[in-house]
Each structure stands twice: as structure tokens, then as C-alpha cells.
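User: I'm new to this protein and would like a friendly walk through it. Could we take it one question at a time?

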Amino acid sequence: MALEVEAAGAPLSSFLRDFPSPLGPGEPLPWSSVGCGALSKAEVPGALADRAKSLLDGRGVSPLLAASLIHAAVDEVLQTDLTGFKKENVETEGEGDEERFTLLDGESLQRCFFNKLRDVCSEWQKQLPPLRPLKRFLLVSIHAIRNARRKMEDRHVLLPEFNQLFGFSDDIDRAYFAVFDGHGGVDAANYAATHLHVNVGLHEEMLKNPAEALKCSFQKTDEMFLLKAKREKLRSGTTGVSALIVGSKLHIAWLGDSQVLLVQQGKAVTLMEPHKPEREDERTRIEALGGCVTYMDCWRVNGTLAVSRAIGDMCQKPYISGDADGDSFELTGSEDYLLLACDGFFDAVKPHEVVDLVLDHLMLTKGVGLKAAERLVAAAKENGSSDNITVLVVFLRDPQDILADCLRDPKSLGAGDDAQSSPFNFLNCEAAATQ
């Protein structure tokens, strides 16, 4: 334990050597100045946490310690009087009325935040507080590629350190994962990846009703981004899917056609139905608002977007809704893994193929799952996907145990009727068992 504490404290010593004194007015920030402009008060926690995470990750600070440091420093900033950072009042015309809000000077606020972070590092170097990792098993495999598209507009978030980032000190495990698939630019996806989980963690219902907190935070993030889009003339949007594990519960929420899939005892379990314009309920909603759904190489809302719900897309509101759907499930311990991915993956790879591909990968690697997402992305590309592809696999059991179960009972694996068409399902398991 002493060695672990010493190892955790070493990056703090290095940090303080490189930054021996607080930043003064006008001194450059230790991170990129891009995006250091005006911030609304609601944007402050996410923006500050995002900058600090990049800095601390780059310096080799463990994710657990980094999240704890960020929480302490952000909390100190939020407890200060922010009126001194007031930049300007902005008036935007809404539907029949005016909305007035205050913007803060992002650069000076970030300088203040960095000095708070430095103070916390100095204090914790003397006495590191206890860092409590998750009790449950989680192993994450992530892979994302631009593919044939001109730009990469996908973003993702991995946050097993959810408790540390938001200062939850109870005995309940919490972890958050998300994939965002941007369109018309990357601004909306960047924004959602920065702010949505913060809105979840700070939601007043987070501890009592995490499912409601997750679902409502999509709407809040959409509203926040639309205000930014109006003042900065941004037109992008993003679909998104999030998974929040709280103890033995799995909560999911989504907008658009990014999806989450559960694999349990070797079988793919569908958890959700993506928001597409051709869904009867979505078509009815859109037409009731005065919009239309037309077929132009695929079904599109008002002849433009191929999804019916998203964060952003200012020019297509309210037809493109920011109201997320959600659901909750009990985790029994028999679940193998979660898979979150964008449509660039799910349009090319079927759920039962996911099961086979992951098992095939575990066979080849003798139960090492860290690069499972790479195998899935490669399969989507091989199957003809030219879109951005992001795949996030969250193993809920040790991949070694998943593989061992395959070897013990290969005929139990697969995804119902679909599994019968797979050449892999038990033939490869039996072959591996004889090697």
C-alpha cells in the first residue's frame, strides 16, 4: 500500500516542480487556448474538467487520482463568487420572448481553476486522501477510426471514475460510458462528450433516481448546446448513447441511431430501438409538428437528416427532438459485456455477429480482451462501412471466464435462430478445446 501511495504521489511532485508558482494575470495557460472564450455558468464544470483531464492524463496521473483532483478543484471554483469573471450579457430572441443570460470570461476562469488545481496538488502531496476503486470487474476496449470520411466526427467518453469525479463517497459502484456520432461538424459531439456526463453527475436526482438524471441530462445538454449554437452560429448535431452503471443496475439513454447492446451468457440482448425517421411513432410525431419524412437514398427528416432525434441541429428543431429515451435493467452477474457503437458499426455488423467476433478474438488472444474493439471495427470496415466507426466494449466479466465458458459448453452460445447461420458458434470453440 505504501508503494501504491508513493506511485500515486509521484506525478503530483512532478506537477509542482513544473509549476512552482500560481499563474499570474496574462500568463499562458498550460493547455490549448482554443475554446477559451465565453462560458455560461452551466458550462463551467464540464469545460474546466475537460481541460484538466487532458493535462493530467498527459502527465501520467492515474485516472482515479485525476478524477479526484478535478472534483476538488472544480468544487472550489464553484464555491467562489463568479461575478468577477462576468464577461458580457447576451440577449437572444426566442419564440416570442427574449432570453437573457450571463457569459463568463473563459480564459481568466481557467487560469483561476488551474491555480486551484495546483493548490490541491500541493495539499495532497503532503497527505493523499484514500482513493477507492470500483469493486466490480470492468475492462474497457475502445477503438475509433475516421474510415473513408473526410473528418472524424465521433467522440466517446469512458468514466469508470464517475464517483471520484463527482465526489460520491458512498459504497455504491458507478461508471459511465458514452458514444456520440456527430454530423454537420464536430462541435455538437465535442460538446456532448464534455458536458453530458457532468449534467448527469450534478443532476439533483442523481442519487435517488439515476435513470431520470441520465435521461433528463440529454435534454439539458441539448438546450445548452442550442444556446451556444445560436450565439456562435453552429449548425451541427450529434446522436448519442450513454450507459450508467449504478450498483447492480444498468441505466441507458439515447438519441438517434447510436446504440448499446448487451451480451449475456454468449447471447446478444437488444436493449433499445434507435430513433429513425421511418419508425411509425417518429414519423407521426414529425408530421404532427408540420414536418415530413421522405425517402432520398434512405428515410430522412425534411429531406435532410437520417435520424429523428439528436443533440443540436438548431435549424431542424423541433422535428429533430432532443428528448431522449431510456431504460433500466438489473445486472445479475451473468452479463458478459456491453457494446456501445455508432451507426457506422451497427449498419454493417449484426448483433449475433458481435458475439462470434468477440469470441473469435478471445480465442486468438487466449482470453485477452483489450483489443476486442479493434476486431469489431475491422469487421465493420470489411463488411463495407465507409462511415466513421467507434466501438466501445465494456467487459462486465473477465474475458478469461467468458472464454472458459465457451470451452466448457460451446453449444450454449449464440443468439437464438441467428446463431445457427454462424460458422463460428461452436466449431471454433471445439477446435480450440482440442489444441
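**A first walk through the model**

Analyst: Happy to. In helix α11, which spans residues 372-382, the buried residues are Ala-372, Ala-373, Leu-376, Val-377, Ala-379 and Ala-380. Around the axis they cover an arc of only 160°, which puts them on the same side of α11. Please keep in mind that this is a predicted model.

User: Which elements do the buried residues of α11 pack against?

Analyst: The side of α11 in question holds Leu-376 and Val-377, among other buried residues. Packed against the buried residues are three strands and two helices, going by their labels: β4 (139-145), β15 (335-341), α9 (343-346), α10 (351-365) and β16 (389-395).

User: Which residue with a positive phi follows α11?

Analyst: Helix α11 runs over residues 372-382. After the helix comes a glycine with a phi near 105°, and this residue is Gly-384.

User: Where do the buried residues of α8 sit: on one face of the helix or around it?

Analyst: Helix α8 covers residues 280-288, and its buried residues are Glu-282, Arg-283, Arg-285 and Ile-286. Seen down the axis, they fall within an arc of 160°. On the other side of α8, Glu-280 and Ala-288 are exposed. The buried residues therefore line one face of the helix.

User: What covers the buried residues of α8?

Analyst: Glu-282 and Ile-286 are among the residues to be covered. Just past the helix, Gly-290 has a positive phi of about 100°. The cover includes two strands, β11 (293-295) and β12 (299-301).

User: Is Asp-297 buried or exposed?

Analyst: Asp-297 belongs to the loop between β11 and β12. Its phi is positive, near 75°, though the residue is not a glycine. Exposed means over 50% relative accessible area. Asp-297 has 58% relative accessibility, so it counts as exposed.

User: Which loop holds Gln-265?

Analyst: Gln-265 is not a glycine, yet its phi is positive, about 50°. As a general background, most residues other than glycine have a negative phi. With a relative accessibility of 54%, Gln-265 counts as exposed. Its place is the loop between β9 (259-264) and β10 (267-270).

User: Which residues does the cis peptide bond join, the one with omega of about 5°?

Analyst: Most peptide bonds are trans. The proline of this cis bond, Pro-318, lies in the loop between β13 (311-312) and β14 (325-330). With omega of about 5°, the bond joins Lys-317 and Pro-318.

User: What side chain forms a polar contact with the side chain of Asn-199?

Analyst: Asn-199 is part of helix α6 (residues 187-201). With a relative accessible area of 6%, Asn-199 is buried. Leaving out residues up to four places away in sequence, Asn-199 touches Ser-217, Lys-220, Thr-221 and Met-224. The polar contact, at 2.9 Å, is with the side chain of Thr-221.

User: And what is the polar partner of the Thr-239 side chain?

Analyst: Thr-239 sits in strand β7 (residues 237-246). This threonine counts as buried, at 2% relative accessibility. Beyond four places in sequence, its contacts include Phe-180, Asp-181, Leu-255, Asp-257, Ser-258 and Val-307. The side-chain polar contact spans 2.9 Å and leads to Ser-258.

User: Which element gives the largest share of the lining of the second largest pocket?

Analyst: The second largest pocket has a volume of about 680 Å³. Of its 28 lining residues, Arg-149, Asp-181, Ala-306, Asp-343 and Asp-387 are the closest to its centre. Elements giving two or more residues to this lining are β6 (174-183), β12 and α9. The largest share is three residues, and it comes from β6.

User: How many charged residues are in the lining of that second largest pocket?

Analyst: Asp-181 and Arg-149 are among the residues closest to the pocket's centre. By class, the lining includes seven nonpolar and nine polar residues, and the number of charged ones is 12.

User: To finish, how much of the protein chain counts as buried?

Analyst: The protein chain contains 13 helices and 16 strands. Among its contacts between residues at least 6 apart in sequence, 71% join residues at least 24 apart. Buried means under 20% relative accessible area. Of the 435 residues, the share that counts as buried is 52%.

Note on methods
Residues are numbered from 1 along each chain as its sequence is written. This is a predicted model: local features need pLDDT of at least 70, side-chain atom pairs count only at pLDDT 80 or more; totals for chains, interfaces and linings use all residues. Side-chain values use heavy atoms; hydrogens and water are left out. Helices (H or I, at least four residues) and strands (E, at least two) are DSSP runs, numbered from the N terminus. Buried means under 20% relative accessible area, exposed over 50%, partly exposed in between (1.4 Å probe, protein chains only). A polar contact is a pair of N or O atoms within 3.5 Å; within protein, one must be able to donate a hydrogen and the other to accept it, and residues adjacent in sequence count only if both atoms are side-chain atoms. Contact means heavy atoms within 4.5 Å. The arc is that of the directions from the helix axis to the C-beta atoms. On a 1 Å grid over the protein atoms alone, a cavity is a set of points where a 1.4 Å probe fits but cannot get out, and a pocket is an open set with protein on both sides within 12 Å along at least five of seven lines; lining residues have an atom within 4 Å of a point. Grid points are joined across faces, edges and corners, and a volume is the space filled by probe spheres set on the points. Ala, Val, Leu, Ile, Met, Phe, Trp, Tyr, Cys and Pro count as nonpolar, Asp, Glu, Lys and Arg as charged, and the others, Gly among them, as polar.
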